[in-house]
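Notebook open, structure loaded. I'm jotting things down as I look them up.

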Amino acid sequence: MGAFRLAVIGGAILALGAGCAAPGALAPAGPARAAAADPQDSCGPQVVVFVSAGDLFGTPPRRAGTPSAEELAAELARENAALERLQIAFDALLYCRWTEVRVIRAEAGSGAFPAEELPRRLGAAEGRLRRDVEQARQTREQIAARSARIEQAVEAAAPGTRAALAAARAPQPGTTRAVASASVPLRARPDGTAPVVATLEAGRDVSLRRAAGGFVLAEAGGGVSGYALGTAFTVQAEIPATTPQGVGRLRSLAATNLARRDAFAQSVELASRSGVQGFEPGG
């Protein structure tokens with residue numbers, strides 16, 4: 001599953017790279033248009049795609065009268081696809097932001113610009129990431145408001161769904177499932193200068209626990225564990241592999257919807273907590 005998701009994300013990152021947004025391919029508005037027009041933002045195309053992917057969630061579900069179970073299932077299927085697009089777009093945007101920081105540091109190290117410019121450039125990059133995270137928070141709130149309406153309709157069409165989903169949600173306390181977005185060095189301590197104790201290959205499934213300074217403790221099984229920045233990982237949705245007997249397609253789609261909402265919310269939380277790590281001039 002991790003390898004498949006990585007292939008999807010990798011394709012999205014390549015597609016969202018420099019020059020990927022063909023002129024006229026999108027008609028962004030508001031924050032997306034402002035980002036695309038910012039010549040200083042090397043991640044402008046990724047911002048446009050991310051903001052556009054969240055547009056659906058800014059309006060309540062459109063329906064006339066009380067929907068049937070079939071209509072709700074179709075609505076949830078569309079929304080689940082939209083949530084997946086949103087997650088991939090956010091993953092690609094975060095990847096671009098951290099690539100931007102690495103480029104700034106590399107240019108500073110090679111003398112491409114005066115050393116005293118480094119704090120200003122890193123500060124500007126941090127400001128752009130904070131703007132992205134704030135946009136993601138707003139989208140998360142819109143998703144929650146929209147989903148509350150859908151959940152109410154699903155419960156009316158299939159009584160007991162809410163209780164069934166609550167019972168099926170059994171995440172291990174304090175941990176988050178994720179996959180390494182690229183090759184990730186694991187360190188002995190939550191410190192960017194600590195010794196590297198292992199390296200995770202791209203696509204490796206891990207469980208994460210929060211640590212200090214924007215780091216997480218990543219555990220990959222087989223005794224492989226160590227600390228890395230939380231933004232090096234893509235949060236995975238906890239989608240049940242099987243549907244409990246009698247739940248049916250509507251409840252299965254509702255479970256997937258809930259899992260993808262949770263995954264996006266966790267991604268935003270990780271980005272918020274570990275976002276400023278790496279923007280320190282001496283980091």
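Which handedness does the crossing of α3 past α4 have? I looked, and α3 passes α4 in a left-handed crossing. Worth keeping in mind from the start: this is a predicted model.

**Entry: the α3/α4 pair**

I stayed with these two helices and pulled the geometry. Their axes lie 9 Å apart, and the packing angle is about 155 degrees. Angles over 145 degrees count as roughly antiparallel, so that is the label α3 and α4 get.

Next I listed who meets whom. From α3 I have Q46, V47, V49, F50 and A53; across from them in α4 sit R85, L86, A89, F90, A92, L93, C96 and R97. Sorting the residues of this contact by type gave me 10 nonpolar, one polar and two charged.

**Entry: the disulfide**

C96 turned up in that contact list, and I wanted to know about its sulfur. How many disulfides does a search of the whole structure find? I get one. C43 and C96 form it, with 2.1 Å between their sulfur atoms. I also took the torsion: about the S-S bond it is -95 degrees, which makes the link left-handed.

Then I placed the two ends. C43 is in the loop between α2 (31-37) and α3 (44-53), while C96 belongs to helix α4 (residues 69-110). That is 53 residues of separation, so I noted the pair as a link between distant parts of the chain.

Are the two cysteines buried or exposed? The cut-off for buried is under 20% relative accessible area. C43 comes out at 0%, so I have it down as buried. C96 has 12%, and therefore it is buried too.

**Entry: T139**

I moved on to helix α5 (residues 118-157), where T139 has its place. T139 has a relative accessible area of 3%, so it goes down as buried. What does T139 touch, leaving out residues up to four places away in sequence? My list reads G54, F57, L86 and F264. I recognised L86 from the α3/α4 entry, where it is one of the α4 residues meeting α3.

**Entry: L186**

Now a strand residue: L186 lies in β2 (residues 184-187). Its relative accessible area is 0%, so L186 is buried. I wrote out its contacts, again skipping residues up to four places away: P195, V196, V197, A198, L200, A218, V224, S225, G226, Y227 and A228. I also checked L186 against L217, which is 31 residues away along the chain; their C-alpha atoms are separated by 8.7 Å.

**Entry: A164**

A164 has its place in helix α6 (residues 161-168). With 25% relative accessible area, A164 is partly exposed. I paired it with A255: 91 residues apart in sequence, yet 9.2 Å apart in space, C-alpha to C-alpha.

**Entry: the whole chain**

Last, I zoomed out. I count seven helices and seven strands in the protein chain. Along the sequence they run α-α-α-α-α-α-β-β-β-β-β-β-β-α. How much of the chain is buried? Of its 283 residues, 41% are. For contacts with a separation of 6 or more, I find that 71% join residues 24 or more positions apart.

Key:
Residues are numbered from 1 along each chain as its sequence is written. This is a predicted model: local features need pLDDT of at least 70, side-chain atom pairs count only at pLDDT 80 or more; totals for chains, interfaces and linings use all residues. Side-chain values use heavy atoms; hydrogens and water are left out. A disulfide is a pair of cysteine sulfur atoms within 2.5 Å. Helices (H or I, at least four residues) and strands (E, at least two) are DSSP runs, numbered from the N terminus. Buried means under 20% relative accessible area, exposed over 50%, partly exposed in between (1.4 Å probe, protein chains only). Contact means heavy atoms within 4.5 Å. Axes are lines fitted to C-alpha atoms, for helices over the stretch in contact, and angles run from 0 to 180 degrees between N-to-C directions. Angles under 35 degrees count as roughly parallel, over 145 as roughly antiparallel, 65 to 115 as roughly perpendicular and the rest as oblique. A crossing is left-handed if the near helix is turned anticlockwise from the far one by less than a right angle, and right-handed if clockwise. Ala, Val, Leu, Ile, Met, Phe, Trp, Tyr, Cys and Pro count as nonpolar, Asp, Glu, Lys and Arg as charged, and the others, Gly among them, as polar.
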